Amino acid sequence: ALATLAALDFELNSRARINRYLSWSLRNSSLRTGPVTIGTYSFGSPKVGNWVFKQLYNRLLPDTFRLVVDGDVVSGTPPTTNYDHVGTEVIVDGQGAGSIIIDPSFVERRLHTSLKASFRVHLLSNYRRGIHGVREAAIIMHSYASNLTGSQVDMDPIEIAFNAVIA
């Protein structure tokens, strides 16, 4: 929650001043830099604000990703409808199997988190294991895909993934 609030505070109160300063201080320099932008990644964050807060936040900080381990009840608190999540939800499994769902549908979200909800899932070790699993799965898929030739390149992505797992 603090990362979300800090990112919005930085956007509203500091980013414009920093960009003005950089523009002014580098005007006679050979060093060129673009404006400072903000990308936010939070891990297991609970709901932070109401619908109006969510709309403002998502408009000002569109590059926000909220990583949630499947079954983490902390990320669903408070359970009231007066609060909303910000950013794009990314669900990973805490077992390290490498599964990831980016911007899950209502059905995906309900099927996953309602089946094994627990406070123990909120442990940092589950988040580390989940991220590591996604990274390892990406390495395996990249390695397998780089060895595809000819008609294999046009294969269905599910078939490619299945073949990579059994290879």
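## Loop contacts, helix α5 and salt bridges

Gly-76 is found in the loop between β2 and β3, in a model that is predicted. With a relative accessible area of 33%, Gly-76 is partly exposed. Its C-alpha atom is separated by 5.8 Å from that of Pro-46, although the two residues are 30 residues apart along the chain. Once neighbours within four places in sequence are left aside, Gly-76 is in contact with Lys-47 and His-85.

Lys-47, for its part, has its place in the loop between β1 (40-43) and α3 (51-60). Leaving aside neighbours within four places in sequence, the residues in contact with Lys-47 are Ser-75, Gly-76, Thr-77, Pro-78, Thr-80, Tyr-83, Asp-84 and His-85. Lys-47 is buried yet has no salt bridge, and the nearest side chain of opposite charge, that of Asp-84, is 6.2 Å away. Because a salt bridge requires a side-chain nitrogen of Lys or Arg within 4 Å of a carboxyl oxygen of Asp or Glu, the 6.2 Å to Asp-84 does not qualify.

Helix α5 (residues 124-146) contains Ile-131. The helix has 23 residues and reaches 33 Å from its first C-alpha to its last, close to the 33 Å expected at 1.5 Å a residue. Within α5, Asn-126, Tyr-127, Gly-130 and Gly-133 are buried, and what covers the buried residues of this helix includes β1, β2 (64-69) and β3 (88-92). An α-helix has 3.6 residues a turn, so residues three or four places apart point the same way. Ile-131, in contrast to those buried residues, counts as partly exposed at 39% relative accessibility. Together with Tyr-41 and Phe-43, Ile-131 makes a nonpolar surface patch of about 340 Å².

The salt bridges in the model come to a count of 3, and they are set out below.

| Pair | N to O distance | Burial |
|---|---|---|
| Arg-15 and Glu-11 | 2.6 Å | Arg-15 partly exposed (22%), Glu-11 buried (14%) |
| Glu-89 and Arg-66 | 3.9 Å | Glu-89 buried, Arg-66 buried |
| Arg-135 and Glu-136 | 3.1 Å | Arg-135 partly exposed (48%), Glu-136 partly exposed (31%) |

In the salt bridge between Glu-89 and Arg-66, the closest approach is 3.9 Å, N to O. Glu-89 lies in strand β3 and Arg-66 in strand β2, so this pair ties together parts that are 23 residues apart in sequence. Both of these strands are also among the elements that cover the buried residues of α5.

Key:
Residues are numbered from 1 along each chain as its sequence is written. This is a predicted model: local features need pLDDT of at least 70, side-chain atom pairs count only at pLDDT 80 or more; totals for chains, interfaces and linings use all residues. Side-chain values use heavy atoms; hydrogens and water are left out. Helices (H or I, at least four residues) and strands (E, at least two) are DSSP runs, numbered from the N terminus. Buried means under 20% relative accessible area, exposed over 50%, partly exposed in between (1.4 Å probe, protein chains only). Lys and Arg count as positive and Asp and Glu as negative; His and the chain ends are not counted. Contact means heavy atoms within 4.5 Å. Patches are made of residues with over 30% relative accessible area and no salt bridge: like charges are joined within 9 Å, nonpolar side chains (Val, Leu, Ile, Met, Phe, Trp, Tyr) within 5 Å. Accessible areas come from the Shrake-Rupley method with a 1.4 Å probe; for residues, only the protein chains shown count as cover. The expected span of a helix is 1.5 Å times one less than its number of residues.
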